[in-house]
Amino acid sequence: MRDFRGIVSVDPSEYKRAMRQLATGVAVVTSRNGKTMNGMTATAFCSVSADPPMMLVVVNRSSNSHQIIDASRSFAVNILRADQQHIAEYFAGRADKSFADVGYREGVTGCPLLAGSIATLECLTAKAVGAGSHTIFVGRVVSANTNEESPLLYRNGAFATMVEHA
Ligand SMILES: Cc1cc2nc3c(=O)[nH]c(=O)nc-3n(C[C@H](O)[C@H](O)[C@H](O)COP(=O)(O)O)c2cc1C
């Protein structure tokens with residue numbers, strides 16, 4: 001793609017190689033529409049504003065979660081603990097994901113809130129902005145619970161845990 005200055009987009013593989021260097025936390029973005037519940041592993045989430053409390057998640061339009069979040073106008077961000085890599089791997093799949101073996105409780109939005117997460121934040125969608133293959137869902141945060149334990153991290157295609165400097 002070329003902009004009005006004639007500058008072209010970087011090659012997608014160069015872009016991905018650069019972005020793989022970013023170390024992030026890992027979340028499962030959960031959603032519910034009627035009886036249908038879903039969860040998808042995500043690293044594209046961040047805080048937007050503290051007052052009012054708002055955050056965003058970036059969701060691929062081709063995911064099942066996109067359809068559910070779009071319809072229900074709500075989602076929850078469950079930030080995973082260091083020992084929850086298996087949960088991240090499970091919710092990165094596309095197949096019908098059951099919550100039967102995953103501990104959860106229902107939040108005020110109806111979204112499942114995963115047991116053991118180091119933080120769970122429930123959001124009502126305030127804005128949805130299309131960007132390339134994804135939609136940026138900006139949510140007004142309506143509940144937040146914290147459990148101060150060590151986070152699961154992700155960088156360069158691999159899960160990791162944190163070593164704190166003294
Ligand atoms: C570490 C990791 C991070 C991911 N981050 C995102 C993300 O931020 N946004 C997204 O749309 N998909 C992300 N994915 C891919 C989704 O988890 C994957 O497409 C999933 O199958 C979607 O599930 P669904 O179709 O049931 O919604 C990530 C996958 C992994 C393994």
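The exercises below, each with a worked solution, explore the ligand site, the largest pocket and two backbone features of a predicted model.

**Exercise 1. Find which residues surround the ligand, and describe the shell they form by class and by element.**

Solution. Begin with a cut-off: a residue is near the ligand if one of its heavy atoms lies within 4 Å of it. With this rule 19 residues surround the ligand, and the closest are Thr-41, Asn-60, Asn-64, Ser-65 and Lys-97. Next, sort the shell by class, which gives 8 nonpolar, 9 polar and 2 charged residues. Then turn to the elements: those that give two or more residues to the shell are β3 (36-42), β5 (53-60) and α2 (64-72), and β3 gives the most, with 4 residues.

**Exercise 2. Find how far polar atoms of Asn-64, Ser-65 and Lys-97 lie from oxygen atoms of the ligand, and state how much of the ligand the protein buries.**

Solution. Take the backbone first: an N or O atom of the Asn-64 backbone is 2.8 Å from a ligand oxygen atom. Continue with the side chains, where a polar atom of Ser-65 lies 2.5 Å from an oxygen atom of the ligand, while a polar side-chain atom of Lys-97 lies 2.7 Å from an oxygen atom of the ligand. Finally, consider the surface: the ligand taken alone exposes 650 Å², and the protein buries 83% of that.

**Exercise 3. Describe the pocket in which the ligand sits, with its volume and its lining.**

Solution. The ligand sits in the largest pocket, and about 1200 Å³ of space lies in this pocket. Its lining is made by 38 residues, of which Ala-42, Thr-43, Ala-44, His-134 and Tyr-154 lie nearest the centre of the pocket. The elements that give two or more residues to this lining are α1 (12-19), β3, β4 (45-50), β5, α2, α3 (85-91) and β11 (152-155), and among these β3 gives the most, with 5 residues. Sorted by class, the lining has 17 nonpolar, 15 polar and 6 charged residues.

**Exercise 4. Locate the cis peptide bond and the residue that has a positive phi although it is not a glycine.**

Solution. Recall first that most residues other than glycine have a negative phi, and most peptide bonds are trans. Against that background, look at the bond that joins Asp-51 and Pro-52, which is cis, with omega about 10°; Pro-52 has its place in the loop between β4 and β5. Then look at Arg-73, whose phi is positive at about 55° although it is not a glycine; Arg-73 belongs to the loop between α2 and β6 (74-79).

Technical notes. Residues are numbered from 1 along each chain as its sequence is written. This is a predicted model: local features need pLDDT of at least 70, side-chain atom pairs count only at pLDDT 80 or more; totals for chains, interfaces and linings use all residues. Side-chain values use heavy atoms; hydrogens and water are left out. A polar contact is a pair of N or O atoms within 3.5 Å; within protein, one must be able to donate a hydrogen and the other to accept it, and residues adjacent in sequence count only if both atoms are side-chain atoms. Accessible areas come from the Shrake-Rupley method with a 1.4 Å probe; for residues, only the protein chains shown count as cover. On a 1 Å grid over the protein atoms alone, a cavity is a set of points where a 1.4 Å probe fits but cannot get out, and a pocket is an open set with protein on both sides within 12 Å along at least five of seven lines; lining residues have an atom within 4 Å of a point. A molecule sits in a cavity or pocket if more than half of its atoms lie within 2 Å of its grid points. Ala, Val, Leu, Ile, Met, Phe, Trp, Tyr, Cys and Pro count as nonpolar, Asp, Glu, Lys and Arg as charged, and the others, Gly among them, as polar. Grid points are joined across faces, edges and corners, and a volume is the space filled by probe spheres set on the points.
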